Structure formats: structure tokens, C-alpha cells
Amino acid sequence: MNKQWLLARTPPERLPTDDDFNLVETPIPEPGPNQMLTRTIYLSLDPYQWGRRRSGMEQPGEVCHGRTASQVVRSNIPGYREGDFVFNTNGWQECGLSGEGISVFGYMFPRKIDPAEAPISTAVGVMGMLGLTAYSGMHLQCEPKAGETVVVSAASGGVGQIAGQIAKILGCRVVGIAGIQEKCDFVTGVLGFDACVSHHSETLPEDLRAACPSGIDAYFENVGGKVFDAVLPLLNRQSRISLCGLIAHYSSAVMDQARDHWAALGQPTFEQQNVQVHNLVVREFVPDYQARFLDEMGAWIREGKIKYKEDLWPGLEQAPKAFKAMMEGGNFGKTLVGVGDDPTLDDALKARRAGTDVLGSSE
């Protein structure tokens, strides 16, 4: 039997509750022509999934969407065989089908992943769409130049930690905005940002101004709300913004209007300072940049230039709890659910996971 979390309803609540999800067991499906059956090893939890559910893109009774790192069980697809590891979109379930007739949500095409290049969990993190999101927004949209000041909100989260480190590789002064002190210490002490301020601080605007004495040249936006309020007056002329997410608004009753509200609030400053604002839609970068990104990111990880923290929750049963914690800011790093056994784990990675959960570190 195949355990699955289904969406129980179109969520009326601003944040996830237990009533939004329903755990069921169904027979394991058989792959048809040009399909393969895979077992889920790692499930990625991401804030955008809540937007899909609240907007009605995901319908009650459907398996909750999610990107996954999986292993092939049976294959009727040429080039894929039993035992191969793949990136796909099994969602919140133990087993799923990929291939002909199975949705890829527009751009999340299955592909093989090589455990020799990086831990397979990174296929739904730093070496996957999440990493490409950070790369596209920071490297391609913001185009930071050596010596500039770059600010990244949600700096300890899955996307933010990578976006900031890319800016450091490009020679920038990088300032993070995170939550609790432990996260701020991680951002500076492990990831190598030059400074990090807490959005919990009652003096956030003053703290950020002190950390950015020359103003802000590029801003990677993940949050909105009071964080954006603090950033706005510090934007320099011809600064650039990559608008990735607005997690502060995902629990809002008017979530669909969040980007319009954000843009309206910033427009006077954008016009006065000639700020370039880029909406970040990662699917637009997949055709032309995914291969280049995988090559560059793989090299950075091997060289120890990129470090990456995972927040791993063991067991599919924990998916709703982990998702709720992430939406409330209770995660620390990229949120993953360990659904099945990972046969690629070596002793070194097991030890690292048991300690700091920081990948890419040579320490």
C-alpha cells in the first residue's frame, strides 16, 4: 500500500492546520507505457505550495504537490532503469508515477541525479529548483558587482542562504535578515555573510541602516512586510530587486493582492531612485540556464564555496507538522521530509547530518 497526504479542503485558514490534510493508503500504482514507478526518498516543502493550495490550483482530494528525490522501482521509459535516482514530483506520498500523462507542473521535468556529484537530497535543494531560484534572482537578475552591498531577507532559509553566498562569491558585501539569534549567527559564522540583523528586533530599521552604511545596491526579497519597510529607504540609485517571495503575506486574507500592495508601497522610491524590480519566476530560466547552473553550483559545492543547511524531518507522517513549522518560521534551513531510506548515504554524510546538517563544508 502507498501512504499519501491528500489536500482535505481549499484552506480557509491563513496558516496550515491539521484539518487541511488527510492521510490515506491506496494500492501502489503500476507504471503504464512510457511511465516509471519511483519510491520517494526526500520530499521538499516550500512556501509556494501554500499559495497553490489557498488559490485553488491544488484541488481537495489531490495528492499534495511537492518536488522529490526518488529511486526507480520499475521503468517502462527508455534510459531509466530500476535503481536509478531521479528528481521528480511524486508529492506527499511514498510512491508515485512519472512519465507520459503525469503532470510536470509546466517545467519540473524528471531527470537523473548522480549521487557521486552531490548528496541526492540536494536535487530538491541547492542543486535543484531552489538553487536555480537563488541563482536566477541573484546572479542573473540583480547582477551584483564586486564591492556592492547586497541584502537578502529570510537569509537562513533554503533560497536565501544560497542567494547570499552567490553574492559573496561575486565579491559583494552581503547583509542577511533572519529571525532568532541562532539563525543570525549561522548566517555570519557559517555562511560567511558580512552581517545579519534580526527581523524580531524592535530597532530593525536602525539595525539594518547600521549594517548598510553605504546603502543597498541589490535586494533579494523573500519576505515583504516590515522587512521591506526597513529596506525601502536604504535603496541606492539604480539598485536592483529580485522579488522571489512574500512569505509575510502568505497567511494574509488578501494573499492574492500581496504583490500589488508591495509594488504600490515601493513605487515612489522605485521611481525616485530608478530601481529595477524583477519578478522572479524560476520556470522562465529552466530552458536556457538550468544546465549552466548545475555545472557552476556543482563546482562551488565541491570547492567548499557554498555551504547549505537542511532541516530534515524523518517520516512522511510528519509532513503537515513540518510544513506548518516552516510557514510559521520554525524551520532552520531547507525543509525536507525523509520519506524513504537513502542508500547513498555514506558515513561522512551521516555524521555531518547528525551534527550541523551543513553540506558543502570542509570542516
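Let me begin with an absence: across the interface of domain 1 and domain 2 the rule finds zero salt bridges, a salt bridge being a side-chain nitrogen of Lys or Arg within 4 Å of a carboxyl oxygen of Asp or Glu. Before going on, I should say that this is a predicted model, in which local features need pLDDT of at least 70 and side-chain atom pairs count only at pLDDT 80 or more, while totals for chains, interfaces and linings use all residues. Residues are numbered from 1 along each chain as its sequence is written, and side-chain values use heavy atoms, with hydrogens and water left out.

The two domains come from an automatic or database domain assignment, which gives domain 1 as 2-124 + 307-359 and domain 2 as 129-282. Their centres, taken over C-alpha atoms, are separated by 27 Å.

What does the interface hold, then? In terms of contact, meaning heavy atoms within 4.5 Å, 24 residues of domain 1 meet 20 residues of domain 2. The domains bury about 1,800 Å² between them, 65% of it on carbon and sulfur atoms; buried area here is the accessible area (1.4 Å probe) that two parts lose on being put together, summed over both. On the side of domain 1, Arg-54, Lys-307 and Phe-332 lose the most area to domain 2, together 31% of what that side buries.

Let me turn to the salt bridges, of which the structure as a whole holds 13. In one of them, the side chains of Glu-30 and Arg-74 meet at 3.2 Å, N to O. Glu-30 lies in the loop between strand S2 (21-26) and strand S3 (35-44) and Arg-74 in strand S4 (residues 68-75), so this pair ties together parts that are 44 residues apart in sequence; strands are DSSP runs (E, at least two residues) and helices likewise (H or I, at least four), numbered from the N terminus.

Is the pair of Glu-58 and Arg-53, whose side chains meet at 2.8 Å, N to O, buried or exposed? Glu-58, at 1% relative accessibility, counts as buried, and Arg-53, at 0%, counts as buried too, where buried means under 20% relative accessible area, exposed over 50%, and partly exposed in between (1.4 Å probe, protein chains only). Glu-30, by contrast, is exposed at 57%, and its partner Arg-74 is partly exposed at 35%.

A further salt bridge joins Asp-194 and Lys-168, with the closest N and O atoms 3.1 Å apart. Asp-194 sits in the loop between helix H4 (181-189) and strand S10 (195-198), and Lys-168 in helix H3 (residues 158-169), 26 residues apart.
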